[in-house]
Amino acid sequence: MEELQNVVRDGGLAVSNLPEKGRCLLTTKNFHPGEVILRQEPYVCVPNNSSTVSRCDGCFASENLKKCSACQVVWYCGSTCQKSEWKLHRLECGALSRLEKEKRKAVTPSIRLMVRLYLRRKLQNEMFIPTGVTDSYNFVESLVSHLKELDEKQLVLYAQMANLVHLILQWPEINLKEIAENFSKLACNAHTICDCELRPVGTGLYPIVSIINHSCLPNAVLIFEGKSSVVRAVEHIPEGAEVSIAYIDTAGSTMTRQKALKEQYFFTCTCTRCIKVHDDIQENAILEGYRCKDDRCNGFLLRDSEDKGFACQTCGLLRSKEEVKRIVCEITAISDKKLKSTSPGNHKEVISIYKMIEKLQMELCHPFSISLMRTQEELLKILMELGDWREALAYCRLTITGYQRVYPELHPLLGLQYYTCGKIEWLLGYTEDAIKSLTRAVDILRITHGTNSPFMKELVMKLDEAHAEASYNLSSKDE
């Protein structure tokens with residue numbers, strides 16, 4: 001613990017223990033918005049490869065890949081990444097190569113992560129690779145597993161996964177119970193590695209980052225630059241304050257957030273957003289409840305005292321349970337049957353189905369409903385794939401309105417949505433609108449992503465080009 005304190009002290013941090021939270025990360029100096037609080041490489045990590053998507057083990061790139069000729073499991077983009085991973089993959093490759101081809105297909109990213117965890121420990125114990133204070137298996141041993149809180153189904157699954165790891169490694173001395181416990185530790189402490197646009201690309205264990213606690217109103221954000229984790233302040237964090245990040249998507253109601261945190265991380269959040277009881281009732285009703293039948297009213301509904309239906313809290317109009325149930329059943333039927341029956345690549349058919357769902361949701365749900373926003377996100381994605389830019393822009397603007405309601409002002413998802421909006425506006429020739437959207441994107445993302453990444457440099461360049469185009473158009477008019 002003392003060695004760890006010495007390491008984080010240089011970065012203006014301290015590890016502490018709080019009675020109800022356990023370990024946490026505190027600041028020993030002021031941090032300003034956009035300032036890097038912590039940067040750490042993974043102890044172990046793997047790309048999220050599947051039957052449809054493959055990524056380089058070294059840099060997570062998805063283009064110009066070649067499969068390892070020996071194990072036929074791992075991919076590389078070139079010799080540089082292959083050499084950088086060779087010390088660890090040399091052992092992994094030998095272990096995977098011993099498996100039958102059919103069994104290799106069962107080696108999921110989660111299994112590979114565990115195999116690599118044990119191989120890294122072996123290499124460090126034998127001093128083939130260095131061991132540091134923040135780069136040691138001791139950190140894994142100190143993580144909380146919550147094994148006693150798992151149900152029997154999950155315990156059986158971890159036991160089966162542990163057996164597969166044992167089959168791959170074939171170490172007589174390996175402890176199956178320890179492997180199962182480590183799977184539980186990784187489920188609570190590993191992080192999804194995302195690209196600059198927050199699309200999942202892998203999974204990694206970052207020991208110091210795992211010390212940082214959750215808040216539904218976090219003062220910091222976790223972003224990845226390649227495989228490196230970077231924690232940045234999104235607001236002024238005074239000396240002595242606890243650093244917090246969000247473990248989950250915080251767009252949901254308090255009830256939804258608490259359920260997600262309890263199921264995966266086994267704790268009840270007591271952040272300032274979660275303990276506002278009065279505001280919570282209204283928030284739940286708006287984000288996940290129903291709208292008033294009167295289109296002119298923007299009120300939210302709560303169950304009436306006689307349990308006949310849902311009463312508008314603004315105008316008092318009652319909506320019957322039967323009507324609500326009918327629309328919910330229609331939405332479920334369309335979602336379950338028609339979306340599953342659509343042929344692959346038939347975007348127009350999918351759009352038609354999503355628009356039917358959207359119409360029903362607009363009839364039933366509050367305008368700020370999360371489910372309505374998710375449907376509109378899907379429509380935006382498909383319309384962009386089709387190149388229907390005008391309608392895509394309309395939906396992008398709708399989602400921005402929703403994001404402003406459910407996310408803080410400096411949230412990366414809001415910044416990325418402004419970026420998307422700006423690119424579409426510029427493509428359609430709406431240069432002035434594009435400048436406004438790209439400016440908002442830069443204002444947010446320079447805080448969450450920093451200013452030096454290729455992604456941010458490209459964004460700033462697009463904004464500069466939009467300004468230059470606007471100046472040219474203005475001078476052309478003057479002439």
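Trainee: What makes Tyr290 and Phe310 count as buried rather than exposed?

Mentor: Buried means under 20% relative accessible area, exposed over 50%, and partly exposed in between (1.4 Å probe, protein chains only). Tyr290 is on the buried side of that cut-off, and Phe310 is too. One caution: this is a predicted model, where local features need pLDDT of at least 70 and side-chain atom pairs count only at pLDDT 80 or more, while totals for chains, interfaces and linings use all residues. Residues are numbered from 1 along each chain as its sequence is written, and side-chain values use heavy atoms, leaving out hydrogens and water.

Trainee: How many aromatic pairs are there, by the rule used here?

Mentor: The count comes to 8 aromatic pairs. Rings of Phe, Tyr and Trp (its six-membered ring) pair if their centres lie within 6.5 Å; planes under 30 degrees apart are stacked, over 60 edge-to-face, and the rest tilted.

Trainee: Why is the pair of Tyr118 and Tyr137 called tilted?

Mentor: The centres are 6.4 Å apart, within the limit, and the 45 degrees between the planes is neither under 30 nor over 60, so tilted is the label left. This pair links distant parts of the chain: Tyr118 belongs to helix 4 (residues 109–125) and Tyr137 to helix 5 (residues 137–142), 19 residues apart. Both Tyr118 and Tyr137 are buried.

Trainee: And why is the pair of Tyr290 and Phe310 called edge-to-face?

Mentor: Its planes stand 75 degrees apart, over the 60 required, with 5.1 Å from centre to centre. Tyr290 sits in the loop between helix 9 (277–288) and strand 13, Phe310 in strand 14, and 20 residues separate the two. Ring pairs also link Tyr247, Tyr265 and Phe267 into a cluster.

Trainee: How do you know that Arg120 lies over the face of Tyr43?

Mentor: The rule asks for NZ of Lys or CZ of Arg within 6 Å of the ring centre and within 35 degrees of the ring normal. Arg120 is at 5.1 Å from the ring centre of Tyr43. Lys122 lies over the face of Trp171 in this way, at 5.6 Å.

Trainee: How do you know that the span of helix 4 agrees with what it should be?

Mentor: The expected span is 1.5 Å times one less than the number of residues. For the 17 residues of helix 4 that gives 24 Å, and the end C-alpha atoms are 24 Å apart, so the two agree. Helix 4 is also mostly covered, with 13 of its 17 residues buried. Just after helix 4, Met127 takes a positive phi of about 60 degrees.

Trainee: What does helix 12 reach, against the expected value?

Mentor: Helix 12 (residues 370–386) reaches 25 Å, close to the expected 24 Å. Just after helix 12, Gly387 has a positive phi of about 80 degrees.

Trainee: What makes strand 14 and strand 15 a pair?

Mentor: Helices (H or I, at least four residues) and strands (E, at least two) are DSSP runs, numbered from the N terminus, and two strands pair if DSSP finds at least two bridges between them. Strand 14 (residues 309–312) and strand 15 have 3, in the antiparallel sense, which meets the rule. Phe310 has Arg319 in strand 15 as its bridge partner.

Trainee: Which strands form the open sheet, and in what order?

Mentor: The order is 13-14-15, with antiparallel pairing. Strand 13 (301–303) and strand 15 (318–320) are the edge strands, each pairing on one side only.
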